[in-house]
Amino acid sequence: MTRPSLTRLSLALFATVFLAVVAQSQVTPAAWSPETLQQLRQVQQAALADDYAYQQVAHLTDNIGPRLIGSSQAAAAVQYVAEELRRLGLDVTLEKVMVPHWVRGEERAELISYPGQAPGTTQKIVVTALASPNNGTGADGITAEVVVVNNFAELAALPADKVAGRIVVFNYPFDERMTAAGFALQAYGEAVAYRAEGPAAASRRGALAALVRSAGSADFRLPHTGLTEFPAGQPTIPSGAITAEDAALMARLAAQGTVRMHLLLTSKMLPEVESYNVIGDLKGSEHPEQVVIVSGHLDSWDLGTGALDDGAGVAIAMEAAQVLKQLHLQPRRTIRVVAWMAEEMGVFGGKVYGKEHATQVADHYAAIETDLGAGHPVGINACCDEAMLPLFEPLGALLQTSGAGIVRASEETGADILPLKVAGVPTFSPIQDVRTYFDYHHSAADTLDKIDARQLRENATVIAVLAYALANMNAQLPRKPQPVPEWMK
Ligand SMILES: [Zn+2]
């Protein structure tokens, strides 16, 4: 008597549970199978113990050296990364990119007259050239009066005769308190506007040359180089970056009276040369046509050796392939390691890739780039549809066991993958501790010793786990195309 009723009860219970499971899985299907989650834990443990990424960044920086765009070191780095990815068993192609070929030349500045000057002396100003189409001051240099402004508004407010024929100095300080509070990228964003646009603004007012206070957070009298831009058709002028200390010195002296400077910058722009994005595919087993990009940029500035910017990012991407090979794990989608060329002069490689692969955008499942150094990671930035964040909860939980469990919506996902991002491809980057990044960025101090081997491994772990997780994910990620920024048009 009891048996049929129990059976009916069991069946009813089973049906309820089954329907509940089905209903739940329709809302949030498991993004990863238990087997994949187990493999991800293997990847995490293996990457945390592996020094491959450090060996790669050591070779790129110590043995090859700075990888200025168009230089023979940049060419050697292309060959090295291509060979290394081939050695790992990846399917490697070189994607041609025509790049600017800017050479630095000599750079020197001194104050030759100023209030209270001791007879027969000058004051040295530590200067470095900014990359631009301008061909410098000529071998004799230029001599002119200095005019110091704190910002664009002060420049605009000056009468024409106070700017024309002078050397304009932009004394806009890098916000070190923002940096210390964890907002270094925002502080950089504010300061770098003067490096990028200050010389052009000075040129429009008839200035002879422009010097900008370095967009960097450390006060060790080091200038930070970089790109400065002149809109097409506008006259270019010699442009440099000076140290924070020397910008402040000139501001104090100019407040006392007339300051004159002799400036020598013999940098020049040569005809463009052929270079390459290095692309290495670890082919997917189920969807080889679908691609997850994992990347960094191979070019660097030349004052240091480009360890943090961005040898680390390239090495981290290479580690993702190395660790999967080591574990004999083949991803379901293709993992594509990319070492981008010529990010620093205007994302040339990223733009070429976007154009060359425009018809395959739908096959780009996701793209990852690391380009903010090698500081301790606390999680993942994900762009651009917040609706995908709940899918990543199991991945966050897994990465939290090594201290990197935050998954947040953020647009800070790397310049080279921006052409994919604007087309709607989901993009990712590690959330890193960047409090000291801009102390070294684009300066002579961006060298291997600034990379902590353990923190580099932690970054490589986040990226290897994320890359394999994306390649094996059971979900359609929502795609949200973004507005095309002015510089990409
Ligand atoms: Zn960079």
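Start with the charged side chains of this predicted model: select the 37 positive and the 52 negative charges of the protein chain, and their mean positions turn out to lie 3 Å apart. Then show the whole chain as a ribbon, where you can follow 14 helices and 16 strands, and turn it along its principal axes, where the C-alpha atoms fill a box of roughly 115 × 45 × 40 Å. If you switch on the surface, the chain exposes about 20000 Å², and carbon and sulfur atoms supply 55% of that area. Of the 489 residues, 56% count as buried. Among the contacts with a separation of 6 or more, 84% are made by residues 24 or more positions apart in the chain.

**Into the core**

Next, select F392, F428 and L470, which have the most contacts inside the largest nonpolar core, a set of 119 residues. Keep L470 highlighted and display its surroundings: leaving aside neighbours within four places in sequence, L470 is in contact with V292, R333, Y365, A366, I368, F392, F428 and L477. There is also a second, separate core, which has 18 residues and includes L130, L158, Y194 and A201.

**Helix 4 and what covers it**

Now select residues 72–87, which form helix 4; this helix has 16 residues and reaches 22 Å from its first C-alpha to its last, close to the 22 Å expected at 1.5 Å a residue. Colour its buried residues, which are A74, A77, V78, Y80, V81, A82, E84 and L85. Which elements cover these buried residues of helix 4? Among them are helix 3 (52–64), strand 1 (91–103), strand 10 (268–282), helix 9 and strand 12. Before leaving, click on G89, which follows helix 4 and has a positive phi, near 100°.

**From helix 8 to P115 and T258**

Move on to residues 244–256, which make up helix 8; its 13 residues reach 19 Å from the first C-alpha to the last, close to the 18 Å expected at 1.5 Å a residue. The residues A244, D246, A247, L249, M250 and L253 of this helix are buried.

One of them, L253, leads to the next stop, as P115 is in contact with L253, Q256, G257, T258 and V259 when its neighbours within four places in sequence are left aside. You will find P115 in the loop between strand 2 (107–113) and strand 3 (123–125). Is P115 buried or partly exposed? P115 counts as partly exposed, because its relative accessibility is 23% and buried would mean under 20%. To get a sense of distance, draw a line from P115 to P426: these two residues are 311 residues apart in sequence and 57 Å apart in space, C-alpha to C-alpha.

T258, one of the contacts of P115, sits in the loop between helix 8 and strand 9 (260–265). With a relative accessible area of 46%, T258 is partly exposed. Leaving aside neighbours within four places in sequence, T258 is in contact with S113, Y114, P115 and E145. A second line, from T258 to A469, joins residues that are 211 residues apart in sequence and 62 Å apart in space, C-alpha to C-alpha.

**Backbone details to inspect**

For the last part of the tour, show the backbone atoms and select R221, in the loop between strand 7 (209–213) and strand 8 (239–242). Although R221 is a residue other than glycine, its phi is positive, near 55°, and R221 is partly exposed, with a relative accessible area of 37%. Then go to A342, in the loop between strand 12 (333–340) and helix 10 (348–356). A342 also is not a glycine, and its phi is positive at about 70°. Is A342 buried or exposed? A342 counts as buried, because its relative accessibility is 0%.

Two peptide bonds deserve a careful look as well. Select D309 and D310, which are joined by a cis peptide bond with an omega of about 0°; D310 belongs to helix 9, which covers residues 307–326. Finally, select C383 and C384, where a cis peptide bond has an omega of about 10°, and notice that C384 lies in the loop between strand 14 (377–383) and helix 11 (393–400).

Notes: Residues numbered from 1 in each chain as written. Predicted model: local features only at pLDDT ≥ 70, side-chain atom pairs only at ≥ 80, totals over all residues. Heavy atoms only, no water. Helix = DSSP H or I, 4+ residues; strand = E, 2+ residues; numbered from the N terminus. Buried < 20%, exposed > 50% of the residue type's maximum accessible area, 1.4 Å probe, protein only. Contact = heavy atoms within 4.5 Å. Areas by Shrake-Rupley, 256 points an atom, 1.4 Å probe, with all protein chains shown as cover. Lys, Arg positive; Asp, Glu negative; His and termini not counted. Charge placed at Lys NZ, Arg CZ, Asp CG, Glu CD. Core = buried A, V, L, I, M, F, W, Y, C linked by side-chain atoms within 4.5 Å. Expected span 1.5 Å × (residues − 1).
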